[in-house]
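Got the viewer open? Take this tour at your own pace, selecting one piece at a time.

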Amino acid sequence: MLKRLISFLAQLWRSHLSLAALFLLGISLNWAIASCNTPTPTGSASPAASPAAAQAQVVRIGHQKFDPFTLVKARGGLEKRLQPLGVSVEWKEFQSGPPMLEALNVGSIDIGRTGDAPPVFAQAANAPLLYIGGSAPKDRSSGILVPANSAIQTLADLRGKKIAFTKGSSANYLLAKALKSAGIQWADIEPANLTPADARAAFQQGNVDAWVIWDPFYAAAQAQKDVRVVKDSKGLAANRDFYLANKSFAQPNFKIIEAIREETQAVATWADANPEEVTKILAPILKIDASILDVVTRRRSYGFEPIQADMVAEQQEIADTFFELGLIPKQLKVEEVIWKPGN
C-alpha cells in the first residue's frame with residue numbers, strides 16, 4: 001500500500017497537481033505509515049501471546065542429592081501444577097550448595113535449594129540472587145564426627161586439628177560456631193576444604209582428624225561403628241533449608257515461584273504424615289539404606305515457607321560471623337536480598 005501511494009504521488013507531481021491536492025495526499029501517506037508502524041493492540045493475537053510461545057517457558061531447578069526438591073521431583077506433581085501456566089521443569093543435580101549457587105549466579109538454573117551458609121558467600125560475591133523461601137529448623141541434621149577411638153572428646157579438643165568440611169556450606173558455619181563456643185580461633189585449626197565424597201574418603205583413611213557434614217552423609221556415617229559424634233548442630237545452628245532464585249527470574253515470575261512453593265509445601269505435609277513412604281520412594285533413588293533414610297526423614301523438614309524475620313536474623317548472624325572470621329570480604333545486610341514480590 002505504501003509503495004503504491006509513493007508512486008502515485010510522484011505521478012501527480014509530474015502532472016503538476018495543485019499544492020492542496022499534494023497536501024491531502026501527504027496526510028494520507030502519513031496515515032499509511034502510521035498504520036504500518038502501529039503495535040498490535042493488547043489482547044490481539046500475536047506471536048508473543050500465542051499458545052505455542054507460552055508453552056516454551058522452562059523453569060530450571062537445582063537440587064542436591066537429597067533435599068525437598070528431590071522428593072518433589074520423585075512425586076511428579078510439580079509438572080502438573082505448572083502446566084496451566086505453560087511451564088515445564090528441567091531438573092539439575094548438584095553435590096553441594098556452593099556449585100549450585102554458582103549455577104544460579106551465571107543463569108544456568110533459575111531456582112535452587114541449599115543450606116544456610118552458601119547464600120551468604122554468594123551475596124558477598126555480589127551474585128544476583130534472592131531468598132524466596134526457607135524451611136523450619138532442622139538442627140539435628142548435621143554434626144561433627146571423629147573416629148570412635150579418637151582422643152577428641154569435646155569441642156575444646158579440636159584445637160590444632162585438621163578438620164574436613166565443604167567451604168561455603170552449612171558445615172562451614174557449624175564448625176565456625178562450634179569453635180567459637182569452645183573459645184577456639186579459626187586460625188587454631190587446619191581447615192581441609194573437601195567435597196562430601198572426598199571428605200568421607202579422607203576421614204576413613206585417617207587423613208583428617210574430624211569431619212563436619214550434613215544429612216544424609218551424616219546419618220550414613222553415624223551408622224558406622226567406628227564413628228563418634230562430638231557435637232550435632234543443636235544449639236549452634238538452625239540449619240534451615242533456603243530457596244533462592246536468580247534475580248532476573250524472580251522478579252517477573254511470581255506465579256511460577258508460588259506454584260513451586262505450594263507444591264513443595266504439599267509434598268512436605270504428605271512427607272510428615274508418611275515417613276515410611278518417603279523412605280520407600282527415596283531409598284532406590286539415592287541408593288541409601290532404608291534405615292538411614294528413615295533417620296534422616298524423621299529429623300528434617302521438607303517445607304518451603306515464605307521468608308520470616310527470624311530466618312533473616314539467623315542469616316544475618318551467619319554473615320556477621322563469617323565477616324568477623326575474615327571468610328567474606330565485607331559486611332552484608334541480608335535484608336537487601338530478600339525477595340519482595342511486586343517491588
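Two strands count as paired if DSSP finds at least two bridges between them. Keep that in mind for a stop further on, where R113 stands opposite Y243 in β10. One more thing before we set off: this is a predicted model.

**The whole chain**

Start with everything switched on. You're looking at 343 residues, and buried ones make up 48% of them. Colour by secondary structure and you should find 15 helices and ten strands. Take the contacts with a separation of 6 or more: residues 24 or more positions apart account for 79% of those.

**First sheet**

Now select five strands: β2, β1, β3, β10 and β4. In that order they form an open sheet with mixed pairing. At the edges sit β2 (87–94) and β4 (129–134), each of which pairs on one side only. From one strand to the next, the twist averages 25°.

Zoom in on β1 (residues 57–64) and β3 (residues 111–114). They run parallel, joined by two bridges. Pick I61, and its bridge partner in β3 is I111.

Slide along to β10 (242–246). What runs antiparallel to β10, joined to it by four bridges? That's β3, and here is the pair promised earlier, R113 opposite Y243. On β10's other pairing, five bridges join it to β4, again antiparallel. Click L129 there, and its bridge partner in β10 is N246.

How many of the five residues of β10 are buried? Five of the five, so the strand is largely enclosed by the rest of the structure. In a regular strand the side chains alternate between the two faces of the sheet. Show the side chains of β10 and check each face: F242, L244 and N246 are on one side, Y243 and A245 on the other, and all are buried.

**A stop at the edge: V87**

Select V87, which lies in strand β2. Is V87 buried or exposed? The cut-off for buried is under 20% relative accessible area; V87 has 5%, so it counts as buried. Now add Q57: the two are 30 residues apart in sequence, yet 5.1 Å apart in space, C-alpha to C-alpha. Leaving aside neighbours within four places in sequence, V87 is in contact with Q57, V59, L82 and I256.

**Helix α4 and F69**

Bring in helix α4 (residues 68–75). This helix lies across β1, β2, β3 and β10, running at about 125° to β1. Pick F69 next and show what surrounds it. Setting aside neighbours within four places in sequence, its contacts include I61, W91, I111, R113, Y243, I260 and F304.

F69 also belongs to the largest nonpolar core, which has 101 residues. Highlight the ones with the most contacts inside this core: V59, F69, I111, Y131, L158, I260 and F322. Which helix gives the most to the core? Select α12 (residues 254–273), which supplies eight residues.

**Second sheet**

Hide all that and select β7, β6, β8, β5 and β9. In that order, these five strands form another open sheet, and the pairing is mixed. Its edge strands are β7 (190–193) and β9 (227–232), each pairing on one side only. Here the twist averages 30° from one strand to the next.

Look at β5 (residues 142–147) beside β9: five bridges join them, and they run antiparallel. For one of the pairs, click G143, whose bridge partner in β9 is D232.

Next, add two helices. Helix α8 (residues 170–181) packs on the sheet, touching β5, β6 (162–165), β8 (210–214) and β9, and its direction makes about 125° with that of β8. Helix α9 (residues 196–204) lies across β5, β6, β8 and β9, running at about 145° to β8.

**Last stop: a helix pair**

Finish with α13 (residues 275–286) and α14 (residues 290–298). They pack at an angle of about 125°, with their axes 9 Å apart. That angle makes α13 oblique to α14. Turn the view and you can check the handedness of the crossing, which is right-handed. To see what meets what, show P275, E276, V278, T279, L282, A283 and L286 in α13, and across from them A290, L293, D294, T297 and R298 in α14.

How values were computed:
Residues are numbered from 1 along each chain as its sequence is written. This is a predicted model: local features need pLDDT of at least 70, side-chain atom pairs count only at pLDDT 80 or more; totals for chains, interfaces and linings use all residues. Side-chain values use heavy atoms; hydrogens and water are left out. Axes are lines fitted to C-alpha atoms, for helices over the stretch in contact, and angles run from 0 to 180 degrees between N-to-C directions. Contact means heavy atoms within 4.5 Å. A nonpolar core is a set of buried Ala, Val, Leu, Ile, Met, Phe, Trp, Tyr and Cys residues joined through side-chain atoms within 4.5 Å. Buried means under 20% relative accessible area, exposed over 50%, partly exposed in between (1.4 Å probe, protein chains only). Angles under 35 degrees count as roughly parallel, over 145 as roughly antiparallel, 65 to 115 as roughly perpendicular and the rest as oblique. A crossing is left-handed if the near helix is turned anticlockwise from the far one by less than a right angle, and right-handed if clockwise.
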